Amino acid sequence: MEILHINDKEIYILGTAHVSKISKEEVLKTIDENAFDTICIELDQRRYNSLNNPKKWEETNIIDVIKKKQTGFLLANLILSSYQKRVASKINSQSGIEMITAIKEAKEKNIHLELIDRDIQTTFSRIYQKHNLWQKAKLIVSLISAIFDDEEINDKDIEALKQEDILDMALKDIEKAFPIVSEVLIDERNKILAQNIKKAPGKKILAIVGAAHIPGILKYINEDIDITEINNKVIKPKSSKIKGWIIPALIISMIAITCFKNFDQAKNQMLVWLIVNGGLSALGALIAFAHPLSVITAFIAAPITSLNPLLAAGWFAGIMEAYLRKPKVSDLQNIDEAANSLKGLYQNRFTHVLIVVILANIGSSIGTFIAGLDIFKSFISIFN
């Protein structure tokens, strides 16, 4: 444990492993032996709510998730959360046990509790937005590979958990190939944790964080860092909104111009757009084992939604899937077990809808690129 004196504050920084029973005992001992004004914990509001109300999933409306464009973030969060719980169960512990203990002690002893971590969805969003389309695809494959690796945890791994967060350990190999992941997941959060600890109310403060974050926190806590930008999602410039309409405008313009030059060729362009875009989106839905009507919905929606950056084929396919195969309460109750494997994700109706949305969208994006390129070649040919 590190003890710092910054301005008029005495700050205790306790490094823990999020599945360690020893960490739980250290938290209890530290709180019992000291009179803290504030206890800071490495959680954001979403994860705090999840720990305090683990059955909150049962109230989730899948249609709202799709409309709010949260399918990818939610699925990633589910998989990572399940992974943490799976690791914890293998060493006969509970994920976040030391945080749960700190919350309980703060309530019982009437100590102010401060949530000092960045919103988990903001972290995912920043990682996603800072990669291009190809990097995003590779990152998703690498993440799934790392999380669903069912390799047995040995004594050496258990010891390693005392020094680093489960999530950090799972993503260690990914960070080598994707340095931005490390920057956003570790370095940015270290800055945020350090500044929030320093600004916490009270004279005597206990900060409970994953042990892997301590070196970074110690590095930044004596610096005055403006965390406003890194504490929020990546703000896209206004020009990016305009860029979203450029490809649809170009495709429509090329087909329109071709109509005046060669109407039959323009019909072929439209046919390519419908078949390729709709076909690949439908293929994505098929790979997700969507209902036949959901597949048809993806096929019909993709050529239209691809011309409007505010819409996505996967949303319509997902809503149709949720209507035809409505998730049951049992699907939400068993969501952690489902997220343990790809098979489980497909069999659970709730996560299955998320997969339909994502794969139909991916298919439509690929279809837009392929069909758009073909239309461009056809357009150029009319001037030769």
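The exercises below work through a predicted model, from the whole chain down to single side chains.

Local features require pLDDT of at least 70 and side-chain atom pairs count only at pLDDT 80 or more, while totals for chains, interfaces and linings use all residues. Residues are numbered from 1 along each chain as its sequence is written, and side-chain values use heavy atoms, with hydrogens and water left out.

**Exercise 1. The chain as a whole**

Task: state how many helices and strands the chain has, and what share of its residues is buried.

Solution.
- Step 1. Helices (H or I, at least four residues) and strands (E, at least two) are DSSP runs, numbered from the N terminus. The chain has 20 helices and five strands.
- Step 2. Buried means under 20% relative accessible area, exposed means over 50%, and partly exposed lies in between (1.4 Å probe, protein chains only). Of the 384 residues, 47% are buried.
- Step 3. Areas come from the Shrake-Rupley method with a 1.4 Å probe; for residues, only the protein chains shown count as cover. The chain exposes about 19,900 Å², with 58% of it supplied by carbon and sulfur atoms.
- Step 4. A contact means heavy atoms within 4.5 Å. Among contacts with a separation of 6 or more, 80% are between residues 24 or more positions apart.

**Exercise 2. Strand pairing around S2**

Task: find which strands pair with S2 and in what direction each runs.

Solution.
- Step 1. Two strands pair if DSSP finds at least two bridges between them.
- Step 2. Strand S1 (residues 2-6) is antiparallel to S2 and joined to it by five bridges. His5 has Glu10 of S2 as its bridge partner.
- Step 3. The two strands form a hairpin with two residues between them, and Asn7 in the turn has a positive phi of about 55°.
- Step 4. Strand S5 (residues 204-210) runs parallel to S2, through seven bridges. Here Glu10 is partnered by Lys204.
- Step 5. S2 itself (residues 9-16) is mostly covered, with seven of its eight residues buried.

**Exercise 3. Helix H6 and Ile120**

Task: decide whether Ile120 is buried or exposed, and list what it touches beyond its sequence neighbours.

Solution.
- Step 1. Ile120 belongs to helix H6 (residues 120-129). Eight of the ten residues of H6 are buried, including Phe124 and Ile127.
- Step 2. Ile120 counts as buried because its relative accessibility is 12%.
- Step 3. Outside the four places on either side in sequence, Ile120 contacts Asp44, Arg46, Arg47 and Asn77. Arg46 is 74 residues away in sequence, yet the C-alpha to C-alpha distance is 7.4 Å.
- Step 4. At the start of H6, a side-chain oxygen of Asp119 comes to within 2.9 Å of the backbone nitrogen of Gln121.

**Exercise 4. The nonpolar cores**

Task: identify the largest nonpolar core and the helix that gives the most to it.

Solution.
- Step 1. A nonpolar core is a set of buried Ala, Val, Leu, Ile, Met, Phe, Trp, Tyr and Cys residues joined through side-chain atoms within 4.5 Å.
- Step 2. The largest has 28 residues, and Ile62, Phe350 and Leu354 have the most contacts inside it.
- Step 3. Helices supplying at least two residues each include H3 (62-67), H4 (71-90) and H20 (349-381). H20 gives the most, seven residues.
- Step 4. Leaving aside neighbours within four places, Leu354 contacts Ile62, Val65, Thr71, Leu74, Leu75 and Leu78. Another core, of 21 residues, lies apart; among its members are Ala194 and Ile217.
- Step 5. Val65 is in helix H3 and is buried, at 7% relative accessibility. Val65 and Trp315 are 250 residues apart in sequence and 9.8 Å apart from C-alpha to C-alpha.

**Exercise 5. Ser364 and the cysteines**

Task: list the side chains in polar contact with the side chain of Ser364, then count the disulfides.

Solution.
- Step 1. Ser364 lies in H20 and is buried, with a relative accessible area of 6%.
- Step 2. A polar contact is a pair of N or O atoms within 3.5 Å; within protein, one must be able to donate a hydrogen and the other to accept it, and residues adjacent in sequence count only if both atoms are side-chain atoms.
- Step 3. The Ser364 side chain makes such contacts with the side chains of Asn277 (3.2 Å) and Ser306 (3.0 Å).
- Step 4. A disulfide is a pair of cysteine sulfur atoms within 2.5 Å; the count is zero. Cys40 is buried at 0% relative accessible area, whereas Cys259 is partly exposed at 28%.
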